[in-house]
Each structure stands twice: as C-alpha cells, then as structure tokens.
Amino acid sequence: RCYILSNENGKIQLSLRQSRLNPKINSKVEDIEITSIKDVKKGQLVRGYVKSITPSGVFFGLSPSLLGRILFQNVSPYFVQKHSLYEKYLPEGKLLTAKVLGVNRKEKHIELSLLPEDTGMPSVLPQSLGLPQYGAEEEKKEADDEEKREEPKLKTKRRRGNSESGQVWVTGKIPVSGQKEAEKLYRLGKKKIKLHWGLQRSKNCHSCCPPPSTRFHLLQEAKPKKRKICPADENDSGIEVYYREEDEDDQEEEAAKKKSKIRKPSEAPRLQVSMGFTWDEDNAMDTPVLDQKEESSESEEEEDMQSKLKKQTKKEKELEKQKKEKELCKVEAALMDLSRQPQSADDFDRLVLGSPNSSILWLQYMAFHLQATEIEKARAVAERALKTISFREEQEKLNVWVALLNLENMYGTEETLMKVFERAVQYNEPLKVFQHLCDIYASSEKYKQAEELYHTMLKRFRQEKSVWLKYASFLLKQGQTEATHRLLERALKALPTKEHVDVISRFAQLEFHSGDTEHAKALFESTLSSYPKRTDIWSIYMDIMIKHGSQKEVRDIFERVIHLSLAPKKMKFFFKRYLDYEKKFGTAESVLAVKRAALEYVETKSSLADT
C-alpha cells in the first residue's frame, strides 16, 4: 500500500509514510513531513537524502521539492582537499541527519550542517583516514601571520646590527646642540614613511660633531678602523636623506644596501642615525618632531595587541582541547553502553569482530545499509558474513543465505536470485533452501513462481511429508480447496502407510483454519472410525472443536470417548478433560453428570476386577 501525492505530466509521486496510509492512528511521527520552506526552522534537526555533490557543497534533499546546501566545512570536522572523497562516503541517496544553520525564505536557501557537535551523530568521514582537522589549519595560518608580523622587527634588528666602518645606529632624542631628534615618523595618508639622516664626517667636522658625552642610546657600534681622512667635498652638505615605505619589498632594501656600500674611495665612512638631525640650530625648531611619549605609547599599544592575540590563541587552543576531550568522553561512554544501538559502519564492524558467528549482527549490518539504499554494500556484508562464520554454525550460515535471497528478491533480478539460490543449495540442505525460497515468493506475492517451485519440490522430495503439507497450506491460502483435496490423494499415494494418519489429521487441521470445516470434520470422523484407539487424534479433534465447534458437538465427542474401552490411565485423562470443560462452560448439573459417569466407570472396572 502507498499514498499518491501527485500525478502530473505522467509522473506519479508516492509516499509510504504511516501517517499518510493510516491517518487515524495517532502514533508519534519521527520525521515530520516537510512540504515547504515554512516547515524548516533554524536549529532544527532534520533527516534527508544526499542528492548531489558539487564544487559549492553537498546538496541535501529534505522533500521532493525542497533542497538544502551543506558547505564542505560543515560536512565533516576534517579538512579534505580532494572532494572526490566525499563521493565515496556520501553516495547519492544516503540517509543522514542534519542541523539547520540558517533559512533564507526570500531566496529559498537552506544552510545545513553534518558536524557531530551539531547533529550528535558520528562524523561522515571516519577518523581512520587520518585527515587534518580544520582547527589545525587555522593554527597554521595564525603561526604564519605571527611570522609575518615578526619579520619587520627582525629586519630592523638586522639593520641595527649591520654597522660597518664606523657607522652607528642611534635611537632616542638628540637636542639641537648635539641631541636633536634624528628619526621621525610622518603619516602620509595611510602610509608611514621613515626618514634616515646620514652624517658625513671629514677633517673639519670634528668641531660640529656631537661630543662623546652626548647621551646616545647605542644599539650596536662597530670598531672604527685606522685610515686616512680625506677632505670633504665643498659641495657636499654632509647630510644624506633616506626615506622608505614600511610596506616595501625586501628586494628594494637589498638594493639600497648595495648602493650604500658602493662609495667613492675619497669619501670617509658616514654616521647614520635613526632620528632626524640637522646642523642648523635656527631651523631645528621648525622641523616637526614627535614626542618620545607618543612613540612609547604607540609601541606599548602594539605590544598589548600582540599579547592579546597570543592570549586569544591560547584560550582557543584550550577550548579546542576541552571540546576534543568531551567528544572522546562521549564516544567512550557510548562504546561502554551495551544497550546502545550501532549507528555507523564502524560500530557494526566492532560488533561483528567481537561476535563473528552471530547471524543476527550480520543481518542488522545488512539492514543498516539497506536503510540508506546502499545495495552493493549490503551484498558485500552478506558475502563477508558467509566467509567469516564458522562452517560448524550451519544454522547461522543458513540465516545469512536466506537474508541474501530476500535481498536479491527485493532489489535484484531473477538471474541474480537464481545464482544465489543455486549457491545456497550447494552449501546447505537443499530442502530447507527450497522451502525458504517458497516462503519468500509467497510473502512477496509472486504466486506463480512459488507454485512452479512447489511442483519442482514434489518431484524432487516426494517422500518428504513437510513438502506436501507446505504446498497444501499454500493452496488453502489461495482459496484452492479442490486442489487441496486432490493433493491429499496424491500425498497418500506417494507417502508410506505409516504416515497416512498423521498426514490426514494435519490436512484436516489446515482445512479447519483456512478451508472447508465440514470437510475437515469428515476427515477426522473417517480417521477415528478406522483408528478408534488413537488418543492423540481424539485430543486434536477435541481441541479444534472446542475452538471452532459448538458446545453440543464438543459434548458429543466427550460422550463418545468416555464410552470407549481404553486403558484406565487414558480414560482418567479424558474424564478429567471433560470435567474441566463442564466446570468452565457448563452448569452444576452437567458437572454432577460427569462425576456420576466417572463413578460408574470405576465401579464397573472394580466389579470386573473382582469377578
């Protein structure tokens, strides 16, 4: 049975929901039916099927007309470079549980997540793949950013340590009389420019150079070499100005260094300071100067920002560790819980490793894949079970063979079913395999194939009583009572005479349940008339008449039995049954009548014994 949702353009959409098939039954609906985007809310857990995998993400079917998208970072906590890996673990049509992250009702967009922390389900990608997590990638990026931030500091240190031939790098304030400010930062728009003032020393510059007592903060000083000092050029003012943007490349810095190294042989080594410096005392006050306090406050702010970033990364790392520990605790608790149902292929693998000969676990494993419409995986599990289960466990193996026959009957073709059937006949008792396949055909309403198989069984297993009885039951369920009567005649001819009474009684029981009750009574009466001392047949006849007959008919049978000449033990059994029946369904007078009949029987037996 199924419910027709729509019939448009020759396409029929069906539904197997119990709420559709039996709307009167007020049972709890596990998966609420989603008909439009109005039924989807943020934070809701929904179940659906994988539709397709594209470069933009995984598309998830919530209903025949509604799709949701799952970004790759929300599919699994692991970082995957090749998206073809998702196609292996997320085949089209796989049933999954997802969480709604956001709903855009105007554009009809739904963002979903399959992450374990959102759904509470295991990750779709197993941990055994050894993939890196997204958190690890973020840590790498943070480390790279920190290295980039440290590069300018390292470059300045290198420049300060690269003093050659009397060059001295100075930081701090230099007044006009030898301690004027030497390095200044100017903001032009959004860029910073550093101005480096170079001092050229000559013979006549000793008087104007700062004395040794000037308070310079020297970072590094190279030992000057003894050389002849050449007179300076008259046109040379003795001051060189260098400026550099902070965002320049390293190549430009190297080129500047090479230029500074190439000097004329007549030039003396120059003193370079990191702060602005001028020889003119009058113009010294006109130059723009930044206060040392402002510089120190800016440097302190930068240090605070860097420390905050470091603190944030530490906190994030601690939070990630705590999350991982919580996830591990949940997994361990779930594995320790014996009542927990397996929810992934890894769970089933662990279970079958612990109990490899248990057919129930293998069948549950197959059903798990069939629920997700993974037919090939279910077949692979069945084949793996047949190889794993010990050859001594014949019944366990037979259970798996029957499950495989069911699978091929439902999802395979007639050819694949016959191939599995032939293999099953080779490795098991043929009669059991034939009977199971007949039951499969009957349950799936393939009556023609079942009848053909029964004819084959009657030819191959003529001496087996169970074959005749199963075929009779099949015919009675189909309403073929006349065919059942003819089958009884054939069975009595094929089977040995010692089996006749049992076969007739079994056929009569089948007739009582699903055939002609009058014909069944006639079979019992004819059998009891031929074999009146078969107390087992009398007991079966009584039980069936108590269920299906009237009280008068039941009392007539009891009266016939208590007047038979049977052994005292058997008579005692029938008198007791008669008395119990009257106590339950009769009156006080009928109970007394049964007791009188039993007393008379005892007296006659005792008188015969005395004589």
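Colleague: Why is Ser 344 called buried?

Modeller: In this predicted model, Ser 344 has a relative accessible area of 15%, and buried means under 20%, so the residue falls on the buried side of that cut-off. Ser 344 sits in the loop between α6 (292-336) and α7, where it touches Pro 122 and Phe 368, leaving aside residues up to four places away in sequence.

Colleague: What makes Gln 435 count as buried?

Modeller: Its relative accessibility is 15%, and since the limit for buried is under 20%, Gln 435 is counted as buried. The residue belongs to helix α12 (residues 430-443), and, not counting residues up to four places away in sequence, it touches Met 457, Ser 466 and Lys 470.

Colleague: How far apart are Gln 435 and Met 457 in sequence and in space?

Modeller: They are 22 residues apart in sequence, while their C-alpha atoms are 8.7 Å apart in space; the two residues nevertheless touch, contact being defined by heavy atoms within 4.5 Å.

Colleague: Which residues of helix α7 are buried, and how do you know that they line one face of the helix?

Modeller: In α7, which covers residues 345-354, the buried residues are Asp 347, Phe 348 and Val 352. Viewed down the helix axis, the buried residues of α7 fall within an arc of 125°, so they line one face. Those buried residues pack against α8 (359-371) and α9 (375-388), whereas the face turned away from the buried side carries Leu 353 and Gly 354, which are exposed.

Colleague: Why are α8 and α10 called roughly parallel to each other?

Modeller: The angle at which α8 and helix α10 (residues 394-411) pack is about 20°, and angles under 35 degrees count as roughly parallel, so the pair is described in that way. Their axes lie 9 Å apart, and the contact is made from the α8 side by Ser 359, Leu 363, Met 366 and Leu 370, and from the α10 side by residues including Glu 396, Asn 399, Val 400 and Tyr 411. As for handedness, α8 passes α10 in a right-handed crossing.

Colleague: What is the average pLDDT of the protein, and where does pLDDT stay under 50?

Modeller: The average is 76, with 69% of the residues scoring at least 70. Over residues 160-249, however, pLDDT is below 50, although the model gives this stretch 183 contacts beyond near neighbours in sequence. Residues 273-295 also stay under 50, and for them the model has 60 contacts beyond four places in sequence.

Notes
Residues numbered from 1 in each chain as written. Predicted model: local features only at pLDDT ≥ 70, side-chain atom pairs only at ≥ 80, totals over all residues. Heavy atoms only, no water. Buried < 20%, exposed > 50% of the residue type's maximum accessible area, 1.4 Å probe, protein only. Helix = DSSP H or I, 4+ residues; strand = E, 2+ residues; numbered from the N terminus. Arc of directions from axis to C-beta. pLDDT = per-residue confidence, 0-100. Axes fitted to C-alpha atoms, helices over the stretch in contact; angles between N-to-C directions. Parallel < 35°, antiparallel > 145°, perpendicular 65-115°, else oblique. Left-handed = near helix turned anticlockwise from the far one by under 90°.
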